[in-house]
Amino acid sequence: MEKRLQEHPVLGKPEKGKKVTFTYDGKELEGYEGEPIAVALKACGVMVHRYTKKEHQPRGIFCAIGRCTDCVMIVDGKPNIRTCVTPLRAGMKIQTQYGVSDKPFNS
């Protein structure tokens, strides 16, 4: 059974783009071009997008409409990207974020 979301509450029903590769914390993964990054990550089994700075609590998809900051990640070197509404492109470099800051979790 496919784990991919079939319809987004704000973006609607996605048209399935071509299969592309991207990296997540240095690992190569696959998703479909144009789908939200968070959807591609969830389909690959990734549920944690960032950790809170103060208590190191995991965060992932919460609102899925770009209103909260639970799904923010570092995308192509830019922190605080809301992955639930940001379309996936081939070759993107996606990293777990620590807090809502500019540092990847593993650095």
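This passage walks through the fold, the core and the charged pairs of a predicted model.

To start with the overall layout, the protein chain contains one helix and eight strands. Going along the sequence, these elements come in the pattern β-β-α-β-β-β-β-β-β. The predictor's confidence averages a pLDDT of 86 across the protein chain, and 85% of the residues score at least 70. Broken down by element, β1 gets the highest mean pLDDT (98), while β4 gets the lowest (88). Out of 107 residues, 39% count as buried. The accessible surface adds up to about 6,500 Å², and 50% of that belongs to carbon and sulfur atoms. As for how the chain meets itself, residues 24 or more positions apart make up 45% of the contacts with a separation of 6 or more.

Next comes the sheet. Strands of a sheet pair through backbone hydrogen bonds, and they can do this in parallel or antiparallel fashion. Here, three strands make an open sheet, ordered β4-β3-β8, with mixed pairing. Its edges are β4 (58-59) and β8 (97-98), each of which pairs on one side only. Strand β3 (residues 50-51) runs antiparallel to β4, and two bridges join them. One residue to look for is Y51, whose bridge partner in β4 is P58.

Then there is the inside of the protein. In soluble globular proteins, nonpolar side chains tend to be buried together. The largest nonpolar core in this model has 14 residues, and the members that touch the most others are F22, Y24, I37, L41, L88, M92 and I94. Three elements, β1 (19-24), α1 (37-43) and β5 (72-75), each supply at least two residues of this core. F22 makes a handy example. Not counting neighbours within four places in sequence, F22 is in contact with a list of residues that includes L41, L88, M92 and I94. The contacts of F22 also take in K27, E28, L29, E30 and G31, among others.

The charged residues tell another part of the story. Side chains of opposite charge can pair when their charged atoms come close. The model has four salt bridges. In one of them, K19 pairs with E30, and their closest N and O atoms are 3.7 Å apart. K19 sits in strand β1 and E30 in strand β2 (residues 27-32), so this pair ties together parts that are 11 residues apart in sequence. E30 is partly exposed, with a relative accessible area of 44%.

A second pair brings the story back to the edge strand β4. D70 forms a salt bridge with R59, with 3.8 Å between the closest N and O atoms. This pair links distant parts of the chain, since D70 is in the loop between β4 and β5, R59 is in strand β4, and the two are 11 residues apart. D70 is buried at a relative accessible area of 15%, whereas R59, at 30%, counts as partly exposed.

Another salt bridge joins D76 to R89, where the closest N and O atoms are 3.3 Å apart. D76 lies in the loop between β5 and β6 (78-82), R89 lies in the loop between β6 and β7 (93-95), and 13 residues separate them. D76 is partly exposed at 39% relative accessibility, and R89 is partly exposed at 47%. Finally, salt bridges that share partners join R50, R59 and D70 into one network.

Definitions and conventions: Residues numbered from 1 in each chain as written. Predicted model: local features only at pLDDT ≥ 70, side-chain atom pairs only at ≥ 80, totals over all residues. Heavy atoms only, no water. Pairing = 2+ DSSP bridges. Helix = DSSP H or I, 4+ residues; strand = E, 2+ residues; numbered from the N terminus. Core = buried A, V, L, I, M, F, W, Y, C linked by side-chain atoms within 4.5 Å. Buried < 20%, exposed > 50% of the residue type's maximum accessible area, 1.4 Å probe, protein only. Contact = heavy atoms within 4.5 Å. pLDDT = per-residue confidence, 0-100. Salt bridge = Lys/Arg side-chain N within 4 Å of Asp/Glu carboxyl O. Areas by Shrake-Rupley, 256 points an atom, 1.4 Å probe, with all protein chains shown as cover.
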